[in-house]
Amino acid sequence: MVLYIRNQLMSPYDIYFRSFVALMALPPPDPEFVLRGTSAAVHTLHFSCAGQEPDFPILFSGSENGFVHVWNLKTRRVDTALDGHGRKSVYWVETLDAKDRLLSQGRDQRICLWDLAEGRTSVTDSVFTENVGFCRCSLLKVAQGRWLMAMAAKSLEEVQVLELPSKTSVCTLKPEVGAKLGMPMCLKLWQLDSGSQPWLLAGYEDGSVILWNLSMGKALSQLVCHQEPVMSLDFDSEKAKGISGSSEKVLSIWSLNEQQNLQVHKIHKLVNSGISDITIRSDKKILATAGWDHRIRIFGWKKMKPLAVLDYHTATVHCVSFSDHRNPTERLLAAGSKDHRISIWSIYTQT
């Protein structure tokens with residue numbers, strides 16, 4: 001096949017090459033829309049879009065000024081502003097199944113349980129962590145009406161796991177004497193499938209990632225992934241593969257073998273240093289990182305192929321979150337930044 005364009009003979013290779021160059025020259029997409037009104041840096045995000053009821057999809061955000069904002073994604077405005085942390089920064093929010101039961105964690109050392117049903121905005125229960133760090137909790141549903149919650153404990157190197165809603169202590173995970181791990185910086189509870197044994201992956205101040213057996217209260221494997229504190233991690237239990245970031249110019253990809261040993265899988269070098277947050281989309285096709293360089297980066301999870309650099313924010317991006325829409329074409333990505341804005345993106349929805 002040949003084509004004549006402007007009196008030039010073009011081979012199939014020429015056509016392919018020009019198409020490729022044109023594709024590469026396309027600018028990155030703009031946000032679908034931007035949410036403004038937090039009046040403070042945004043530190044955490046959580047979607048609730050998959051409810052059975054014919055209701056509007058919502059996004060929860062936690063800000064440095066201590067407010068949790070409930071965003072209506074149809075009107076793109078705040079429906080409710082929750083003030084329960086004494087104006088201390090909120091850095092983790094998560095729902096318990098329904099969008100009317102919300103957990104929030106703040107620098108006031110409290111984790112609050114909110115009742116948002118029928119327009120209510122009350123804190124019905126709370127846990128005092130006594131931890132002075134900024135390690136986000138991790139939540140895992142283990143049975144109907146029953147969850148595990150991992151959190152950094154009062155003793156700086158320890159992690160406590162509670163059962164909710166009873167707040168019963170399941171275990172306290174203590175490093176071996178002389179381990180010198182420093183504080184836990186990020187946590188990820190997971191299980192292979194519903195009803196199976198729960199595990200915890202924890203990233204520490206010394207750059208290590210540790211796999212904990214909760215039933216034994218014992219560390220099974222430790223891997224030094226970074227030279228600096230582990231700022232964020234996520235784990236794909238289906239592929240037994242995880243990823244972590246720090247203040248360095250690298251992402252560390254690691255795997256878990258059949259003997260429950262962590263091992264380095266790959267190191268991916270970055271252009272700029274500093275990763276605040278990492279999240280793998282629920283379909284395990286892509287992941288997003290929040291960068292200190294103001295950018296959101298999208299990678300293919302299978303081979304860590306760079307797919308997009310989303311350049312909108314004017315300050316550090318603190319958090320990224322994928323929506324839980326049941327329809328893949330409706331899936332969204334949200335990013336929260338120090339610039340007080342939340343950008344909402346529709347990207348790679350057909351994968």
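**Figure 1. L333 and its surroundings in strand 29.** Let us start with L333, which sits in strand 29, a strand made of residues 333–337. Keep in mind that the whole picture is a predicted model. Is L333 buried or exposed? Its relative accessibility is 0%, so L333 counts as buried, the cut-off being under 20%. Who are the companions of L333? Leaving out residues up to four places away in sequence, L333 touches F47, A288, I296, I298, L310, V320, S321, F322, S343, I344, W345 and I347. Take V320 from that list: L333 and V320 are 13 residues apart in sequence, and 7.1 Å lies between their C-alpha atoms.

**Figure 2. L173 in strand 15.** Our next stop is L173, which belongs to strand 15, covering residues 168–173. With a relative accessibility of 0%, L173 counts as buried. Which residues are in contact with L173, leaving aside neighbours within four places in sequence? They are E157, E158, V159, V161, L200, W212, L214 and G217. V159 is worth finding in this view: 14 residues along the chain separate V159 from L173, yet their C-alpha atoms are 5.1 Å apart.

**Figure 3. An open sheet of four strands.** Here you can trace strands in the order 4-5-6-7, paired in the antiparallel sense to form an open sheet. Why do strand 4 (42–48) and strand 7 (77–83) each have one side without a neighbour in the sheet? Both stand at the edges and have a single partner strand, so one side of each is left free of a sheet neighbour. On average, neighbouring strands of this sheet are turned by 20° against each other, with direction ignored.

**Figure 4. Strands 6 and 7 side by side.** Zoom in on strand 6, residues 67–72, and its antiparallel pairing with strand 7. How many bridges join strand 6 and strand 7? There are six. To see one pairing residue by residue, look for V68, whose bridge partner in strand 7 is L82. N72 is also in strand 6. N72 has a relative accessible area of 7%, so N72 is buried. Beyond residues up to four places away in sequence, N72 touches F56, P57, I58, R77 and D79.

**Figure 5. The protein chain as a whole.** Stepping back, you can count one helix and 30 strands in the protein chain. The radius of gyration is 21 Å, close to the 20 Å that the globule rule gives for 351 residues, so the chain is as compact as a globular protein of that length. Along the principal axes, the C-alpha atoms fill a box of roughly 80 × 50 × 35 Å. Buried residues make up 53% of the 351 residues. Among contacts with a separation of 6 or more, 43% link residues 24 or more positions apart. The chain exposes about 16,800 Å², and carbon and sulfur atoms supply 50% of that area.

**Figure 6. Where to read the model with care.** The average pLDDT of the protein chain is 90, and 91% of the residues score at least 70. Two stretches deserve a closer look. Over residues 1–8 the pLDDT stays under 50, and the model has twelve contacts beyond four places in sequence for this stretch. Residues 19–25 also have a pLDDT below 50, and this stretch has zero contacts in the model beyond near neighbours in sequence. Where pLDDT is low, predicted coordinates should not be read in detail.

Methods: Residues numbered from 1 in each chain as written. Predicted model: local features only at pLDDT ≥ 70, side-chain atom pairs only at ≥ 80, totals over all residues. Heavy atoms only, no water. Pairing = 2+ DSSP bridges. Helix = DSSP H or I, 4+ residues; strand = E, 2+ residues; numbered from the N terminus. Axes fitted to C-alpha atoms, helices over the stretch in contact; angles between N-to-C directions. Buried < 20%, exposed > 50% of the residue type's maximum accessible area, 1.4 Å probe, protein only. Contact = heavy atoms within 4.5 Å. Rg over C-alpha atoms; globule rule 2.2 N^0.38 Å. Areas by Shrake-Rupley, 256 points an atom, 1.4 Å probe, with all protein chains shown as cover. pLDDT = per-residue confidence, 0-100.
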